[in-house]
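Biologist: Could you take a close look at a single part for me, and then go on from there to other regions? I would like the cut-offs spelled out along the way, please.

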Amino acid sequence: MKKYNYLPIILSLLTLSFIACDDNLNIEPEQNLSPEVATESPANVKKILNNIYTVARDNGSYGGGIALASELIGNNGSLSWNGTYVQPAEYNEKAILSDNSFVESIWVNAYDISNEANIVLSSLSVFTDDNEKAVTEGEAKFLRGMAYFDLARLFSKTYVPGSQNSQLAVPISLTAVLDASIIEYPSRNTLEEVYAQVIADLTDAYDLLPESNDIYATKYSAAALLARVYLEMGDYDNARAMSNDVINNSGTELTATFDGAFNNGENSTEDLFAWQVTSQDASLNDFSTFWGGVEFGGRNGNPDLSITSQHFNIYDDSNDERSLFFYETSRGTATAKWKNQYGNIPFIRLAEMYLIRAESNFRKSTNVGDTPVNDINALRDRSNASSYNTVNLATILMERKRELSFEGFSLFDAKRLGENIGSIASNANRLILPIPLRETDVNPNLIQNEGY
Amino acid sequence: MGVNIVIDNTSKGTQTDFDGKYEIMASPQDVLVYSFVGYKVIKRTAGQETIINIEMVSDNTFEEVVVVGFGKQSKRKVTDNIASVSSSDINNIPIASVQGALTGKAAGVQITQINGKVEGGVKMRIRGVSSISSSQEPLYVIDGMPLINDDESVSEAPINPLISLNPNDIESIQILKDASSAAIYGARGTNGVVLITTKQGKSGKTKVSLNTSTGWSEATNKMKWLNAEQYVELFTEASTNSYGAEDTWLTEEGGYFDFMSNGKDWRTGEVDTDWQDLALVKGSVQEHNFSISGGTDKTLFFISGGYNDTQGIVRGNSLDRYSFRSNLDHKISDKFRVGMNTSLSKTKISRIGTDNSFSTPLQAIAQSPLTPAYLDGGIVPNNETSIYYNFLMQEYNGNWNVNIFRVLLNSYLEYQILPELGFKTEFGYDNNNQTEEYFAGSLTESASTNGYADANAIQSDKYSISNYFTYAQTFNEDYDIELVGGMSFEESSRKRQYVAGTGFPSDDLQTVASASEITSGTSSRTKYNFLSYFGRATFSILDKYLIKGSLRYDGSSRFGASNRYGIFPAASVGWIISEEDFIKDSETISLLKLRGSYGVTGNAGIGNFASLGLFGGTAYNQKSGLSPVQLGNPDLKWEKTNQVDVGLDFGILNNRISGEIDYYSKKTNDLLLNEPIPGTSGYTSITRNVGSLTNKGFEFVLNTNNVMSKNLTWKTSLNLSTLDNEVTDLPSGDIVAGRNIVREGETISSFYLVEYAGVDPANGDALFYKNTVKTDGSLDKTTTNNYNEAERIISGSPYPTFMAGLTNTMSFRNFDFSFTFQGEWGSSLYNEGGKFQSGNARYEDNQTADQLDRWQNPGDITMVPQARMYSTNGQQASTRYLEKSDFIRLRNLSFGYTFPREVTQKFSVDRLRLYFTGINLLTFTDYSGYDPESSYDNNGNSNIEKGITFYSSPPAKTLTIGLNIDL
């Protein structure tokens with residue numbers, strides 16, 4: 001037999017294999033950047049800013065979730081819930097459990113917005129262009145202010161104008177969390193504190209933002225949101241001033257028809273701010289999911305939220321386009337406001353500013369900008385409804401319902417105006433969302449709302 | 001199986017037949033070598049005789065050998081706890097998954113299939129659960145190579161990563177349970193190690209084996225649901241209770257019932273759809289395997305091919321697997337050996353939706369019996385008037401297929417440098433290539449976008465190199481020493497591509513190529529690796545005193561640079577008492593061995609970049625964004641488990657009765673925990689090293705040879721094990737996930753629920769125990785109908801505290817018979833779908849028949865509250881939907897008949913066996929749901945959310961008949 005001599009080969013193989021491969025243990029992720037790189041340049045920080053809009057547009061929040069909570073909890077019989085999901089059914093029944101995952105999404109997303117805004121705001125020093133820096137700061141504050149405003153409205157007792165408002169709202173978190181060492185276990189701030197933060201943020205945004213800013217928040221987006229906040233707080237002077245500023249200076253105008261304000265791929269002329277939805281974003285539009293018939297991407301309730309005959313009592317003119325802005329499915333009546341899965345979601349329309357100015361002027365007996373009756377008739381004319389000769393508070397508020405139904409105003413308006421929902425008093429605990437169970441489980445400093 | 005007879009130094013050989021006869025052509029000077037496992041080798045020069053009768057002598061020095069990490073060891077001298085399962089235990093069991101065939105065979109090993117889907121994941125838990133957030137799965141090693149064991153399912157329902165292995169190729173499986181055996185796999189040893197050895201040929205006559213079987217299957221259990229008449233009765237009452245009798249919206253002309261019935265007259269009983277029967281169907285199994293094996297004294301080979309076709313019991317779910325294996329081993333010289341094992345397989349799976357999708361068949365049980373399943377004509381499913389999306393549409397107008405290609409390659413070179421010093425280098429390669437394609441047509445849930453299709457492709461591959469020396473020497477006859485030392489390097493990489501599109505011109509065009517719009521797409525790459533050094537020393541003194549020590553040093557890219565390496569030592573001792581003089585001559589006791597071990601193992605089953613802070617790419621309005629996706633934690637380090645094992649091996653009456661008794665205690669520290677953090681931080685969790693938990697238990701194995709006569713043999717094997725799992729330290733406080741909680745002092749994943757107190761006889765309200773803590777520390781056991789007033793309490797565990805397996809094997813003349821019973825006690829299951837299925841008609845979903853026991857009149861005593869449509873009354877999460885899931889199951893049974901050799905020889909067949917096999921034929925349980933082994937597959941990969949069921953299908957009960965043919 002031939003004598004093989006493999007020993008040298010083996011020894012050399014061995015030598016090779018035992019050489020420390022320590023370098024091989026350094027592997028960098030290929031889909032991710034480190035926090036240092038993500039915040040090191042203006043371009044990157046602006047990309048974080050852009051992502052805040054994505055988080056806000058999430059179907060759990062401004063992509064439908066918040067409006068769904070408001071409309072279903074605020075449902076006094078005008079809507080019928082036909083869907084099979086438990087979480088909205090709990091809203092509709094006003095028997096919300098603290099583990100409701102829709103509530104959890106609203107909370108978690110809002111603080112994701114807040115934290116990312118904090119990250120952007122803490123990274124402003126990388127900017128060299130003052131203008132760019134101002135816009136970035138303004139947008140981040142707009143988004144943060146918006147998030148806290150809705151958190152406060154949903155998780156706290158209603159704001160009472162002229163009183164202390166020391167009721168517990170939500171924790172304010174202004175620290176940019178970029179590593180594990182800065183995790184905090186905050187307590188709830190009072191409603192007064194939260195609203196102060198909201199106004200500070202939105203006022204800064206108003207001062208910093210330009211009049212036009214592509215599809216992003218502008219000076220007048222901030223002004224319009226401020227008008228909404230002041231109205232909620234019963235501060236009619238400021239609500240009037242802001243809405244008047246928007247109507248006069250923003251350059252937006254009511255769409256020619258009511259129909260023109262909805263289901264648009266591009267922002268309409270009356271959008272002061274709208275969430276952008278494209279087929280590429282892989283985001284679900286929960287407005288069409290729950291309000292749309294099956295053929296428009298809605299769920300099997302077809303639609304999950306149908307409109308009952310009771311709703312139609314609010315219209316006073318059969319020619320009013322808004323009273324005709326519906327379609328029938330095999331299971332019921334659906335609103336035509338949410339028919340485009342991939343359409344933009346209007347967040348603040350100019351029509352709301354007319355309503356706020358009219359209400360504030362009326363309450364203050366002023367005619368800043370225009371008379372209440374003219375403002376209301378501007379909306380009625382656009383929808384082919386007969387004009388009023390005079391208006392009172394009741395007609396203004398009814399006009400508000402006609403114009404803004406199914407856009408997420410029900411609960412907030414009912415609570416602000418002290419209107420009972422069915423037999424439930426407007427200040428009932430059941431109309432306030434529970435602090436999500438996951439939060440109270442994790443953070444012992446959070447006190448649960450009464451009734452949960 | 002006969003005695004091997006080979007002419008020395010040639011490849012010529014034969015085997016004796018069943019009567020011990022043989023024939024061989026030999027020259028007078030040839031030396032005949034007779035060998036048989038367990039007997040001494042005998043050499044005889046042929047000479048001039050024509051008949052040579054040989055009596056084989058049993059070899060007392062023969063010792064059973066077990067495979068251990070990086071080597072083999074005599075079972076007698078093993079100081080570890082290793083469970084062995086041989087090919088005869090797992091072959092011919094018509095289960096597509098390797099793990100499924102092991103159920104009930106090893107003490108302390110819990111194997112649970114998630115539910116009845118054919119591709120579904122299987123969970124193996126060796127000695128309990130040792131981690132909260134890190135991997136809980138054992139390390140699988142095939143012929144020395146660690147396998148890829150990542151679920152690559154595109155949906156949340158896992159696909160068993162080992163589904164592409166053919167169980168019939170397996171020679172033996174060793175499960176390394178204690179630290180002393182598993183620590184040689186260091187950082188991945190904590191959950192135990194499963195060593196799989198594939199078959200190899202034996203020198204001598206070439207053996208051809210064929211196995212073919214075919215069978216039928218059905219669900220182990222079906223539940224009772226309301227029929228149309230009962231449905232009408234219950235829901236009419238529920239509506240009356242909510243809205244008054246005068247509101248006839250359900251029953252009036254054109255009402256909701258009319259809508260459901262879609263033109264059929266429910267009033268006359270024209271429609272009564274049994275949705276369960278549409279979802280759970282009759283399945284079938286076909287399996288065909290062949291193998292050719294043999295070899296000479298220099299070369300051994302084994303070639304096999306297999307085909308498995310399983311039609312699941314859930315409509316639309318099936319699996320086809322083609323597999324091929326070639327194992328080759330060659331001795332180049334006395335010093336040099338090479339070998340290469342290769343296997344290829346292709347697995348095709350027809351999938352169905354996850355348990356949490358309307359398109360999954362079993363969610364059809366929610367549909368009303370008033371709704372016709374099909375439109376008139378009986379072909380097109382009725383999706384017009386069903387309460388939920390009609391799943392039949394998915395089969396009619398969509399499909400979802402997975403193709404898995406898997407290549408395994410192990411090769412080795414072995415060089416005997418000196419008689420006592422050997423060197424082995426192994427190279428292994430594992431490639432898992434998976435393509436998943438989904439299409440939903442214009443009639444499905446994707447109607448609004450005119451169809452939807454996606455395609456997902458994964459290429460996972462892994463290579464491993466290990467080099468090690470083995471030194472074995474005996475000094476002065478009494479001192480044996482064996483040393484193993486070496487290193488290994490492993491690199492695993494994974495690539496993924498995904499694309500989705502909508503808008504299809506025709507339902508016949510089902511690939512994304514025809515989509516009018518590409519709605520989503522992604523691709524990604526990732527990688528991780530391990531670099532390890534290991535050593536082991538084994539001493540045996542006077543064949544009685546055994547000492548072993550091992551050390552492993554592991555480094556992984558998964559950990560932060562400051563904690564990249566971990567050291568995992570282990571030591572064990574053994575004392576073979578039966579070798580001592582005072583007992584050596586005992587006729588009763590043939591083996592008595594005391595052993596003890598201690599060792600440290602690790603767990604690195606976390607994300608590839610878990611220690612880093614990460615930002616990932618997103619988009620808004622088609623412009624790029626950056627999103628913070630993970631908080632960094634540079635201090636992240638190895639999770640370590642210290643395990644003590646004390647055991648006694650015994651054999652009585654010449655090992656007719658033998659067994660093992662073990663006690664173990666495993667303590668895991670520095671748990672890698674996805675700790676929930678306040679959402680107010682902008683994140684919901686972070687991976688940290690916090691807390692510890694323990695698993696403790698007894699294991700008892702008893703093997704008996706009850707009868708060993710010429711015509712009748714009967715063996716019994718029993719295994720029992722207990723498990724006591726406790727979270728001992730959790731500084732961050734409770735972790736609650738869904739219905740489960742991780743809490744200090746309790747079993748991991750304990751159920752955490754409000755306690756249901758039944759129904760108020762006065763008004764039919766559901767009642768709950770308040771369970772608020774009173775000032776004296778006790779719980780307030782008064783009841784309330786206000787759910788929000790009731791506190792959650794620990795109310796059970798998803799893990800069994802006691803498990804048992806009993807296998808009997810018998811043969812009588814030409815008949816053979818075996819069966820395995822398996823049982824688990826102590827666990828519970830929570831039905832997350834209970835609120836819909838058994839919710840006293842709160843939702844319009846069809847209800848389980850027991851809901852007819854609802855409260856109706858004051859004074860009624862029942863556990864089912866008053867039916868109130870659309871109004872909550874007892875449907876909240878509570879112990880109402882929690883149930884004990886103890887069971888005993890006839891896991892498998894086989895009965896065979898081997899035809900007499902005289903008959904089969906006429907057709908040149910060595911052996912012909914006809915057999916019948918059954919799986920899950922009997923289940924004894926008080927559990928009222930589908931099956932104790934049907935759990936929610938969306939939670940399949942969750943570590944904490946365990947013991948939850950949600951429209952989960954029961955497993956299959958299978959009957960097959962088959963033939964074994966050996967040529």
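**A strand and its partners**

Modeller: Happily! Let's begin at a bridge: T668(B) has L693(B), in strand β33(B), standing opposite. Everything here comes from a predicted model, in which local features need pLDDT of at least 70 and side-chain atom pairs count only at pLDDT 80 or more, while totals for chains, interfaces and linings use all residues. Residues are numbered from 1 along each chain as its sequence is written, with chains lettered from A and ligands numbered from 1 in the order in which they are written.

Strand β33 of chain B covers residues 692-708, and 12 bridges tie it to the antiparallel strand β30, residues 657-669 of chain B. (Strands are DSSP runs of E with at least two residues, helices are runs of H or I with at least four, and both are numbered from the N terminus; two strands pair if DSSP finds at least two bridges between them.) L693(B) also has V727(B) as its bridge partner in β35(B). That strand, residues 724-729 of chain B, pairs with β33(B) over five bridges in the antiparallel sense. Then there is β34 of chain B, residues 712-722, which runs antiparallel to β33(B) and is joined to it by nine bridges. One of the partnerships here links N705(B) with K715(B) in β34(B). Three residues lie between β33(B) and β34(B), which form a hairpin. In a regular strand, side chains alternate between the two faces of the sheet.

Elsewhere in chain B, five strands make an open sheet with mixed pairing, in the order β7-β12-β13-β10-β11. Its edges are β7 (82-86) and β11 (145-146) of chain B; each has a single partner strand, so one side of each lacks a neighbour in the sheet. For β7(B), five bridges lead to the antiparallel β12, residues 170-176 of chain B. Within β12(B), I175(B) is the residue opposite A83(B).

Now to the packing. The largest nonpolar core has 275 residues, and A69(A), A152(A), A222(A), L226(A), A227(A) and V141(B) touch the most other members. (Such a core is a set of buried Ala, Val, Leu, Ile, Met, Phe, Trp, Tyr and Cys residues joined through C-beta atoms within 7 Å; buried means 20 or more other C-beta atoms within 10 Å of a residue's own, exposed means 12 or fewer, partly exposed is in between, and C-beta atoms are placed from the backbone.) Helix α7 of chain A, residues 130-155, supplies the largest share of this core, with 12 residues. Apart from it lies another core of nine residues, including Y452(B) and F504(B). Beyond neighbours within four places in sequence, A227(A) is in contact (C-beta atoms, placed from the backbone, within 7 Å) with A239(A), M242(A), S243(A), V246(A), M353(A) and I356(A).

Chain A has a helix worth a visit too. α13, residues 372-382 of chain A, has eight of its 11 residues buried, so the rest of the structure largely encloses it. Among the buried ones are P372(A), D375(A), I376(A) and R380(A). The buried residues of α13(A) pack against α12 (350-364) and α14 (393-404) of chain A. After α13(A) comes N384(A), with a positive phi near 70°.

To finish with chain A as a whole, 55% of its 452 residues count as buried, and its secondary structure comes to 16 helices and seven strands.

Conventions. Contact = placed C-beta atoms within 7 Å.
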